[in-house]
Amino acid sequence: MAGEHFKENISPAAEARISWLGATFMRRFAGKVEDDPDEATLHTYALSRASTSTQIIAELDDHHETRLADLWCLLKLQANGEDGALQTNAVPNIFFVRDTTGALGAVDAVWAGAGWEIGASQVEGQREWPFGSRVIAR
């Protein structure tokens, strides 16, 4: 289950230092079980303008969806905020992931100095992701 990996823990021994997990993320994703990670090529895109999740999904077409396992693997590679595929400049890294009910959600990871802050929101709605946000897609 995702909740076994995604835990608030900023100790040096943490697999990935996570300083905050949002209530919506925990409610929608903590109970999620995914099969072993499959081989996938992940692509990163930087938003050239503020965009809603639905606008981003429309532009990426069928390549927008990722898995929590993809996020977890990237977090482990940058457990302490090192340079890598995820940006660590307090601007969101966005993943579009199916939750425990199968509904698509936007999961964002932001490096906050002490650790990663992980949140989630619905893809519908008017929330705009800021210019420069990084989208991770398959």
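**Note on the predicted model of the protein chain**

1. Contact range. In the protein chain, 71% of the contacts with a separation of 6 or more join residues that are 24 or more positions apart. The structure discussed here is a predicted model, and the points below should be read accordingly.

2. Secondary structure. The protein chain contains 3 helices and 9 strands. Read from the N terminus, the order of elements is β-α-β-β-α-β-α-β-β-β-β-β.

3. Overall dimensions. The radius of gyration of the protein chain is 14 Å, which agrees with the value near 14 Å for a compact globule of 138 residues. Along the principal axes, the C-alpha atoms occupy a box of roughly 40 × 30 × 30 Å.

4. Burial and surface. Of the 138 residues in the protein chain, 46% are buried. The exposed area of the protein chain is about 7,100 Å², and carbon and sulfur atoms supply 49% of that area.

5. Charge. The protein chain carries 12 positive and 20 negative charges, and the mean positions of these two groups lie 3 Å apart.

6. Largest nonpolar core. This core has 23 residues, and the members that touch the most other members are Phe 6, Phe 25, Leu 75, Phe 95, Val 107, Trp 116 and Ile 118. At least two residues each come from strand S1 (18-21), helix H1 (23-29), H3, S5, strand S6 (104-111) and strand S7 (116-122). The greatest contribution is that of H3, which gives 5 residues.

7. Second core. Separate from the core just described is a second one of 12 residues; Leu 47, Ile 56, Leu 60 and Ile 94 are among them.

8. Trp 129. This residue belongs to strand S8 (residues 128-129). Trp 129 counts as buried because its relative accessible area is 0%, and the cut-off for burial is under 20%. Leaving aside residues up to four places away in sequence, Trp 129 touches Leu 47, Arg 49, Ala 50, Ser 51, Thr 52, Ser 53, Ile 56, Pro 92, Ile 94, Ala 106, Asp 108 and Ser 121. Leu 47, Ile 56 and Ile 94, which appear among these contacts, are also included in the second core. Between Trp 129 and Phe 95 the C-alpha to C-alpha distance is 12 Å, with 34 residues separating the two in sequence.

9. Ser 121. One of the residues touched by Trp 129 is Ser 121, which is situated in strand S7. Ser 121 has a relative accessibility of 14% and therefore counts as buried. With residues up to four places away in sequence again set aside, Ser 121 touches Arg 28, Gly 105, Ala 106, Arg 127 and Trp 129. Ala 106 thus appears in the contacts of Ser 121 and also in those of Trp 129.

10. Backbone points for inspection. Two residues other than glycine may be checked in the model. Asp 61 is not a glycine, yet has a positive phi of about 60°; this residue is in the loop between helix H2 (53-60) and strand S4 (65-66). Ala 90, likewise not a glycine, has a positive phi of about 70°. The loop that holds Ala 90 runs between helix H3 (68-77) and strand S5 (93-98). Ala 90 is classed as exposed because its relative accessible area is 54%, where the cut-off is over 50%.

Notes. Residues are numbered from 1 along each chain as its sequence is written. This is a predicted model: local features need pLDDT of at least 70, side-chain atom pairs count only at pLDDT 80 or more; totals for chains, interfaces and linings use all residues. Side-chain values use heavy atoms; hydrogens and water are left out. Helices (H or I, at least four residues) and strands (E, at least two) are DSSP runs, numbered from the N terminus. The radius of gyration is taken over C-alpha atoms; the globule rule is 2.2 Å times the number of residues to the power 0.38. Buried means under 20% relative accessible area, exposed over 50%, partly exposed in between (1.4 Å probe, protein chains only). Contact means heavy atoms within 4.5 Å. Accessible areas come from the Shrake-Rupley method with a 1.4 Å probe; for residues, only the protein chains shown count as cover. Lys and Arg count as positive and Asp and Glu as negative; His and the chain ends are not counted. The place of a charge is taken as NZ of Lys, CZ of Arg, CG of Asp or CD of Glu. A nonpolar core is a set of buried Ala, Val, Leu, Ile, Met, Phe, Trp, Tyr and Cys residues joined through side-chain atoms within 4.5 Å.
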